[in-house]
Structures are given as C-alpha cells and as structure tokens.
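Colleague: I have a model open on my screen and would like to go through one part of it with you. Could you take a close look with me and then place that part in the wider picture?

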Amino acid sequence: MSICYLKEQNLFEIRTHRSTYLFGINERGTVQHVYWGSPVEASECADRLKPRHHSSFDAAIDQETEEFGGWGGTHFAEPVLRATFSDGVRDLKMVYDGFGQPGDRELVIRLKDAHYALRVEVHYRVIPEFDLIERYVQVYNDETQPVKIEQIMSAVWSVQALPEYRLTHVTGRWAAEFQLRSETLSEGKKTLESRRGFTGPHANPWFAIDNGKADETSGQVWFGALGWSGNWKIVAEKTTFGHVRVVGGVNDFDSSFVLDPGSSFTTPVFTGGYTSEGFGGMSRNLHRYQAEYVLPSSRPRKVLYNSWEATYFDVTAEGQKALARRAARLGVERFVVDDGWFGARNSDRAGLGDWYVNPEKFPNGLQELIDEVKGLGMEFGLWVEPESVNPDSELFRKHPEWVYHFPTREGTLLRNQLLLNLALPEVKAFVLDFMTELLSRYEISFIKWDMNRTVTEPGTMSAEGLEGRSVWIRHVENLYEIWAELRRRFPDVEFETCAGGGGRIDLGILRFADQAWISDNTDARDRLTIQEGFGYVYSPSVMMCWVTESPHGFNGRSLPLSFRFHSAMMGGLGIGADITGWSEEEMEEAARWVAVYKEIRPTIMQGDLYRLESMRNTNAAAYQYVGQDGQEAVVFAFLHSQHFGSEERRLRLQGLDPNAVYEVESAPGATVQRHGSTLMNLGIPLTLQGDYKSRLIRLKRVD
Ligand code: DGJ
C-alpha cells in the first residue's frame, strides 16, 4: 500500500519506493505537513503535529506548514485559496472534513468552510516507482449564491528543514529558452511566473530545492513541475521561522473568476518529487514519469525535415518538392512544410487565419506535394498557428470581434498579428472545424502547432456573459479540449507544441503533444545549453532538434556538420537546412549520421539520461544515454576549445553495471573492451582537440 492512515497518530503516510511524505490533523483541526524526504518510520513522527505559538504576532506558526492553506484568520503565508462570498466576506476557515481513498494510489482530503457551503478536495496521486506525487485541488460551491475565487493553487510543497535552501529554476527569452539558474533563498518570496497567457520562454513551471550541495549524482533534491500552459505562478517562500514552502498553480494575477452555485473548478496537476540521487536522479524520474504517465503516445520520434529555415515564407510546390527529394536521400521519414503555405502568407504581415492552400504557390493543390512526399517514402506534416490572426486577412475582416480586445484600446500588434480569443465558443468551434477539415481532406500525419505572440489586452467583445478575467483560464482549457478532440478524431496524427520556439512546454500541453520544438535557436553550440536546461525537466524523447546551416544565421558561428548532428541527435532528430545547396560530401555525411541515429534511436528515446559534463562549468560537455535494458549506451561529447597542455580529460561514465564488460567504440572500427567499473571510475579519455569538436561514443554490453 502506498497510502496509509495512522489512526492513533492522526497521520497520513504516502510511501514511494524511496521516500516518505507525511501530514496529519493537529489539535486545532489544521491539516499540517509533517515530513517529506528519505523513508522514516511514520508512527514515530507524530510529535511534529503539535501546534506552535510564538507571540500574538505569530499566533499560529503551524499555519505556515499547512497542506492546504486558505486565506483567513492568522494565515499569512502565500495562500492556496482566496475567496469572496456573496455577502462580501473575504475570510476562509477551512476545517478538516474527512478523507477518502478512491484507489490504492489515491488519497482525497476533504475540507469545508466553517460557515459557508464551500468545499475543497485536496487530491494526492502517488507514483511510487518514480517517487512522485501528483497533486491537484477541486473546489465546489454548494452555496445558493456565486462565490468569487480570487486565487486557487494546485498544491503547496513543504521542504524539510535545511541549513540552506538553494532554488534551481530556468529563465530565458526567445531563442535562449531553458537557461538554468540557482540562488540561495533568504526570507521572503521568490516568484516564478508567466503573465503572458502561455507558459512562456521567460520561465518554466518547474522548481528544484536542495541544500546547496546536491550535484548530478548525489544529494537530496525536492522538486515539482506544474501542468499548465497559461498564466502560472510558483512561489518559493522562506518564512521568518525558516520554513520553506512552494505554492504553485494557475496565476491569480488578473484571474479571479466566479464559481456559480452548484459548480466546481479543478486545478491543473502539480507533480512533486523527492530524490536523494541528485539532479540526475530528479531528471530521470521526471523523464520516466512523462513516458509512462503524461505523454499521449510512446511512438519514437520520426526523423523529420522542416522547410522553415530553407525557404521561410517563400514556399512553392516546386521548391518543396526539390527539398523533399533531397530529404528522402538523407533517410528522412517525415517531411514538414512550415509557415507560408496558406492564404496570402508571403510574409508575416498577412494571411494568418486564412487556412486554405495558397493557389499561386500550389497551382495543382497540396495533394500533388503530398503524393510526391509519400512517393518518396516519407510522411507529410504541416505547420499551423490556429490561435493567431493578421489584421490583413479574410478572417479578421469577417470577424474583427474574435480577437482579444479592449474597446478603447488599439490592439498591440506583435509580429504583425493579433490573438484570437479562444475562450469564445465560436472561436473554439472555428479552430476545431478548420483543423478537422484540413486533416480529413489531406493525408497529413503531423501537425506543428505554433503560437507566435503573447496575450495582450485580454478583453472580450462578446456578449456571451464570459466573465472578463476568466478568459486566461478558458483559453487554455479550450486549447486542451481542441487538442484532445483532434487526437480522438485523428488518432494517427502526431502533434508538436511550439510557441515561437519553446514558449509552450509544460506537463499540461505534454498530455496532448507528442513532441516539442524547444527553441528557434538552432545553433548547435547555443543549443547544448538550451537542451541541457530542457532536459533537467523534460524527456529527451520529446525534444526536437534540427541540423541547420553553418555559419549559423543568428550568430554567424561555423560548426562542423558532425558537431551539428551530434547536438541534434540528443533528442528527436530533424534537418532544417536548405539541403538543395549541400554538396555531395555533405549529403553523404548527413545520410551516414541519419543512419547512425536510427540505430541509436531506441536508446535516446527510451533510455536514461546522465549529464557527465556541462559547458556551464567547463569547456566541454558530455551526455550519456543508457538503454532501458542496459545493453547499449551512447555518449555525446563536445569540446568548445582546447587549452594547449591542459590535463588529459577523462569522461567518467554513469549508469553502467560495474561488473559487466562493454565494447566501447569511440570511432567507427576503433573499439576496446572495458569493465563498467573502469568506465565509471577511471573513465575514458576524451581526446578531442581544437575548437568545436565532438564525438559519438557507443557502448555495447558484451558479457
Ligand atoms: C516560430 C517557430 O518556432 C518556427 O520554427 C517557425 O515555425 C516560425 N514560427 C514560422 O512562422
């Protein structure tokens, strides 16, 4: 049993394979957190339930460690619930009202207000094998009057007392997503959030806390990732009594909404975990969890070609066919036409919203290209950006009232586009209809779903009675519903989440998306940093990476084709260059790498990721993937630049069987046999010299 109620102590114990999570009901009826960490004997921990009192200024310190704290009375920490009742009362007194166990792995704690018929269910779902707990909350209004919900978060996570608390998170911007940061928390709050209507590249809903000493292979780490693709907020608060709690969920900023009598609201899931195996252990647990509990399918990523960087908006049937013929020679499995195939889309100034095939670019229709692509043995995929509209489009001229809009304001144009108010039922129906028509009419196996601007002026002109501020939430709910419905209608079509690069990646959208476009920055060196940050949280099996031109268009950096391939082979491999201009040598080398990728793909897709070295700390980076059955492993090693005479570098591998013998192939034909113990302790020499050199090392267990 993963969940146990210890009646005598009034404690709830959630056990995973390598952790214990404890909370209980204290004398005052508060649901109080007790412990989260390496396994303990639950029955011996009840003394932690005693209410604490310090002074009239800190009358109930124990409220700082509540499992679910509503704002009211002496609760002063970041609340999980704030509400205003119809009589104007803005105070909650949530009292424990029993529990339920819908299954072996689920626990529901019921709370209700002492006066009003407002009920809350706090849900826990245990994933014992990965030491994770999924949490979410349902709030029910059983009043006869509406209740205004000002703030409703998914969970509060309490971290064990530590001498120091280090918070690790990611920050970023367009073309530089997933940049890792860490800092020591002092008293006060550190807020990570999005107020831009989508997950955003500026931060990502994930946190990790350790004592400042955890590393890749060891140390205790507490962490959590939230599944919400709209405005979100994670607050890490260190109270003046030294307690650290992390509250996360839908951002309450500009987001209060009315809960009608008899209705309820369910928050997104906030998944938390604990490991004593450092940041590497954290990532691997999160990755396996995604594969088994989050992602919609376990299909391996297809090697894809994408036309964006080759043609931008200059899409023509002939041009795409020429690219397709070259792509097929490389071993590409899926050919994707990006932006520019529809309406009057000759630049980013027009056409968005007009989802019909441009007759000048495709005089014989799109099917001609699809036939060519399929004839070459590849699948066909298409780019769309359904939530956006250019003012210069037929759609906007017909439905100007569909965009987010405040009546007295000019809508802000970003990338010359406005955003459709997906919260409106008619807009939702429009998107679902045109996508259904597109996917029914053509043999499309893959959709890249983009979104290239943030939400601004989040008003609505509709008389639908939608309460203004709830659009933030409704947009995301409708988006999820559309994706779910499209997946139901077209179960064989795969979807990619993209928002001007990696602007919409989180555990919410990953319930519907097979893969993710993580950045528009395709420079293979910049990518190493972006991919590393991404991999802290998200599985390499969804991480799409393309090989593009050298010198790179963004930063002018020249990189060998092998370096570009190695960097892009660490997730789902794609090619995004103008391959019609590649020489025969380049084509042959690229085809060789694609063939190698297909051989190692199962190890990348289903294996465990170990970060061996990072360019955040040194001039080299190395990443190892160990196949699920332990029979094969691959290492990608990268050198930024070499210091002449510097000490010989050795890569100490991880995750191998110390007693097993492995055949190590550092270059085609150059193999040695070594024990796992030698490979993990002495390591293998990294004999890279010069600038921007890289190597793929393959290991096979031979005994
Ligand atoms: C942003 C995406 O991230 C790119 O890959 C490309 O699809 C462009 N949008 C197209 O407008």
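Which residues does Val-626 touch, not counting residues up to four places away in sequence?

Modeller: Happy to. Please keep in mind that this is a predicted model.

To your question: Val-626 touches Thr-603, Gly-607, Asp-608 and Tyr-610, which come earlier in the numbering, as well as Glu-632, Ala-633, Gln-654, Gly-655 and Leu-656, leaving aside residues up to four places away in sequence. Val-626 itself belongs to strand E32, which covers residues 620–626. Its relative accessibility is 5%, so Val-626 counts as buried, the cut-off being under 20%. For a sense of distance, take Gln-101: it lies 525 residues from Val-626 in sequence, and the two C-alpha atoms are 37 Å apart in space.

Now the stretch around it. UniProt, in an unreviewed entry, lists residues 621–699 as "domain: Glycosyl hydrolase family 36 C-terminal". In the model, residues 621–699 are 53% strand and 8% helix, and the C-alpha atoms at the two ends are 18 Å apart. UniProt also has an N-terminal counterpart, again from an unreviewed entry: "domain: Glycosyl hydrolase family 36 N-terminal", at residues 30–259. Residues 30–259 are 50% strand and 0% helix, with 25 Å between the end C-alpha atoms.

Let me add two other strand regions. At the start of the chain, four strands make an open sheet in the order E1-E2-E3-E4, with antiparallel pairing. Strand E1 (3–6) and strand E4 (31–37) are the edges; each has a single partner strand, so one side of each has no neighbour in the sheet. From one strand to the next, the twist averages 15 degrees. Inside that sheet, strand E2 (residues 11–16) pairs with strand E3 (residues 19–25) in the antiparallel sense over six bridges. If you want a pair to find on screen, Phe-12 has Phe-23 in E3 as its bridge partner.

The other region is strand E22 (residues 334–337), where Arg-334 and Val-336 point one way and Phe-335 and Val-337 the other way, all of them buried. E22 has parallel pairing with strand E21 (residues 304–306), over three bridges, and with strand E23 (residues 379–384), over four bridges. Arg-334 is a handy landmark here: Leu-304 stands opposite Arg-334, and Arg-334 also stands opposite Glu-379 in E23.

Finally, the whole chain. The protein chain holds eleven helices and 38 strands. A compact globule of 703 residues would have a radius of gyration near 27 Å, and the protein chain agrees with this, at 27 Å. The C-alpha trace spans about 80 × 70 × 40 Å along its principal axes. Buried residues make up 61% of the 703 residues, and Val-626 counts among the buried ones because its relative accessibility is 5%. Of the contacts with a separation of 6 or more, 69% are between residues 24 or more positions apart. The protein chain exposes about 26200 Å², with carbon and sulfur atoms supplying 47% of that area.

Technical notes. Residues numbered from 1 in each chain as written. Predicted model: local features only at pLDDT ≥ 70, side-chain atom pairs only at ≥ 80, totals over all residues. Heavy atoms only, no water. Pairing = 2+ DSSP bridges. Axes fitted to C-alpha atoms, helices over the stretch in contact; angles between N-to-C directions. Rg over C-alpha atoms; globule rule 2.2 N^0.38 Å. Buried < 20%, exposed > 50% of the residue type's maximum accessible area, 1.4 Å probe, protein only. Contact = heavy atoms within 4.5 Å. Areas by Shrake-Rupley, 256 points an atom, 1.4 Å probe, with all protein chains shown as cover. UniProt positions renumbered as here; feature names shortened; annotations may be inferred.
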